[in-house]
Amino acid sequence: MNKGHELLTSFKARFGTGASVYRAPGRVNLIGEHTDYNDGLVMPAAIGFSCCVGIAARDDRKLILYSENYSEAYEADLDELGARGSGHWADYPLGVAWALLGAGYRLRGANLYIAGDVPLGAGLSSSAAIEVSTGYSLLSVANHAIDRTQLALLCQRAENEFVGARVGIMDQFVSCHGRTGHALLIDCRSLEYRSLRLPRKVSLVICNTMVKHKLQASEYNVRRAQCEEAVRELAKALPGIRSLRDVSLEQLLENRNLLSETLYRRCRHVISENRRVLKVADLFEAGKAEGLREVMAASHESLRDDYEVSCRELDAMVEIAGRQRGVYGARMTGGGFGGCTINFVDVEHAAEFQRRVSAEYESAIGLRPDIYICEASQGAELVETAAENLPGVTR
Ligand code: GLA
């Protein structure tokens with residue numbers, strides 16, 4: 001039985017009716033880290049881990065949410081959502097409803113059964129997966145057409161304002177627009193994007209360090225604030241700039257005296273990382289995996305030394321990966337301070353890589369890592385429909 005069928009059965013057992021099921025994936029970022037909130041370039045791929053939402057309309061204005069992961073139900077009224085979450089898992093779906101209503105979408109009351117398999121807290125965007133699957137399902141049940149970019153922006157708004165995390169647009173965007181077998185090159189300023197086929201001989205292997213350091217959320221906000229401060233300082237000499245996207249490495253060097261050493265290094269990471277994204281795009285466009293090693297290593301070093309968002313476990317995982325056969329490149333992925341690394345590994349060596357890295361990481365760090373061999377997957381989609389069972393919905 002596939003996930004969608006299983007969810008229909010669980011939905012029926014809980015709510016007594018049929019439902020439609022929508023799925024939205026988590027993501028792994030291949031290159032372009034901490035660039036999205038600087039109007040920069042990113043290159044993530046949607047992955048097979050996802051969140052599924054079974055939904056059926058109700059005749060009142062209630063949202064009845066059930067989370068399979070938390071084995072808990074939560075009830076809210078669409079007309080009384082407030083403007084701020086309360087630190088509960090339900091903040092994510094409710095925040096999305098709040099953002100959609102705020103953008104002028106008329107929504108219907110509904111029963112929602114939510115079940116996800118994106119590893120929580122691993123930096124693989126379980127939050128974007130729940131936001132996008134909820135948003136997609138709420139819009140569909142109210143008969144609204146889906147504008148995927150608009151949905152991504154509203155999910156980001158939900159997370160920024162309702163949940164209270166100042167994330168960029170990357171995760172929600174790729175969860176909406178992901179494409180099987182492809183990475184997305186996204187311009188986070190214009191929101192234009194292009195899908196790039198991944199070289200066929202390459203597997204995406206994600207290594208989970210199994211640690212999540214407390215600094216994660218607070219340091220993320222500190223980095224954002226530092227980038228904003230650097231732009232204000234640099235603007236004294238470069239009046240036209242709006243973000244680090246507008247600054248070249250040459251201009252940064254020329255105006256180094258305006259910045260503290262720390263701000264200078266933060267900027268150097270962001271500006272050089274945008275260039276690395278374009279290098280990887282060129283390689284993928286040529287169908288090449290050779291050449292990834294240097295770019296990925298430079299990205300990791302820049303995140304470790306200039307942006308200072310790596311940690312001992314991520315560094316060890318990358319170092320161990322670099323020693324294995326069939327590896328085209330490895331680096332930390334996501335916000336940092338724990339979570340995962342992304343590795344490009346020759347398809348034929350992926351299983352051996354998984355075994356060896358697991359053993360070597362465990363003996364170095366004392367934790368057994370989870371290692372996932374992934375494929376780039378499709379963005380948000382309808383997976384099951386039982387329209388005839390949806391009370392009150394005419395199609
Ligand atoms: C987190 C955020 C993203 C992005 C990355 C760093 O995953 O959700 O918006 O900023 O960190 O690249």
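Which residue's side chain does the R27 side chain join in a polar contact of 2.8 Å? I began my notes there. The model is a predicted one.

**Entry 1: R27**

I looked up the 2.8 Å polar contact and found D171 as the partner, side chain to side chain. I then checked for another partner of R27. The side chain of S125 also makes a polar contact with that of R27, at 3.4 Å.

I placed R27 in the secondary structure. R27 belongs to strand β1, residues 20-31. Is R27 buried or exposed? I read 5% relative accessibility, so R27 counts as buried, the cut-off being under 20%.

I listed the residues R27 touches, leaving out those up to four places away in sequence. They are P44, A45, A46, I47, G123, L124, S125, M170, D171, V174 and G334. Both polar partners, S125 and D171, appear in that list.

**Entry 2: α3 and α5**

D171 sent me to helix α5, residues 170-177. I looked at how α5 packs with helix α3, residues 126-141. The angle is about 50°, and the axes are 9 Å apart. I therefore noted the pair as oblique. The crossing of α3 past α5 is right-handed.

Which residues make the contact? From α3 I noted A128, A129, E131 and V132. From α5 I noted D171, Q172, S175 and C176. I sorted the contact of α3 with α5 by class: four residues are nonpolar, two polar and two charged. D171 thus has two entries here: a polar contact with R27 and a place in the contact between α3 and α5.

**Entry 3: α9 and α10**

I turned to another helix pair. Helix α9 spans residues 292-306, and helix α10 spans residues 312-322. Their axes come within 12 Å and cross at roughly 165°. I therefore recorded α9 and α10 as roughly antiparallel. α9 passes α10 in a left-handed crossing.

The α9 side of the contact is R293, H300 and R304. The α10 side is L314, D315, V318 and G322. By class I noted two nonpolar, two polar and three charged residues for α9 with α10.

**Entry 4: A230**

Last, I looked up A230. A230 sits in helix α6, residues 215-234. Its relative accessible area is 1%, so A230 is buried.

Which residues does A230 contact, neighbours within four places in sequence aside? I found L259, L263 and C267. I also checked A230 against S243. The two are 13 residues apart in sequence, and their C-alpha atoms are 9.0 Å apart in space.

Methods
Residues are numbered from 1 along each chain as its sequence is written. This is a predicted model: local features need pLDDT of at least 70, side-chain atom pairs count only at pLDDT 80 or more; totals for chains, interfaces and linings use all residues. Side-chain values use heavy atoms; hydrogens and water are left out. Helices (H or I, at least four residues) and strands (E, at least two) are DSSP runs, numbered from the N terminus. Buried means under 20% relative accessible area, exposed over 50%, partly exposed in between (1.4 Å probe, protein chains only). A polar contact is a pair of N or O atoms within 3.5 Å; within protein, one must be able to donate a hydrogen and the other to accept it, and residues adjacent in sequence count only if both atoms are side-chain atoms. Contact means heavy atoms within 4.5 Å. Axes are lines fitted to C-alpha atoms, for helices over the stretch in contact, and angles run from 0 to 180 degrees between N-to-C directions. Angles under 35 degrees count as roughly parallel, over 145 as roughly antiparallel, 65 to 115 as roughly perpendicular and the rest as oblique. A crossing is left-handed if the near helix is turned anticlockwise from the far one by less than a right angle, and right-handed if clockwise. Ala, Val, Leu, Ile, Met, Phe, Trp, Tyr, Cys and Pro count as nonpolar, Asp, Glu, Lys and Arg as charged, and the others, Gly among them, as polar.
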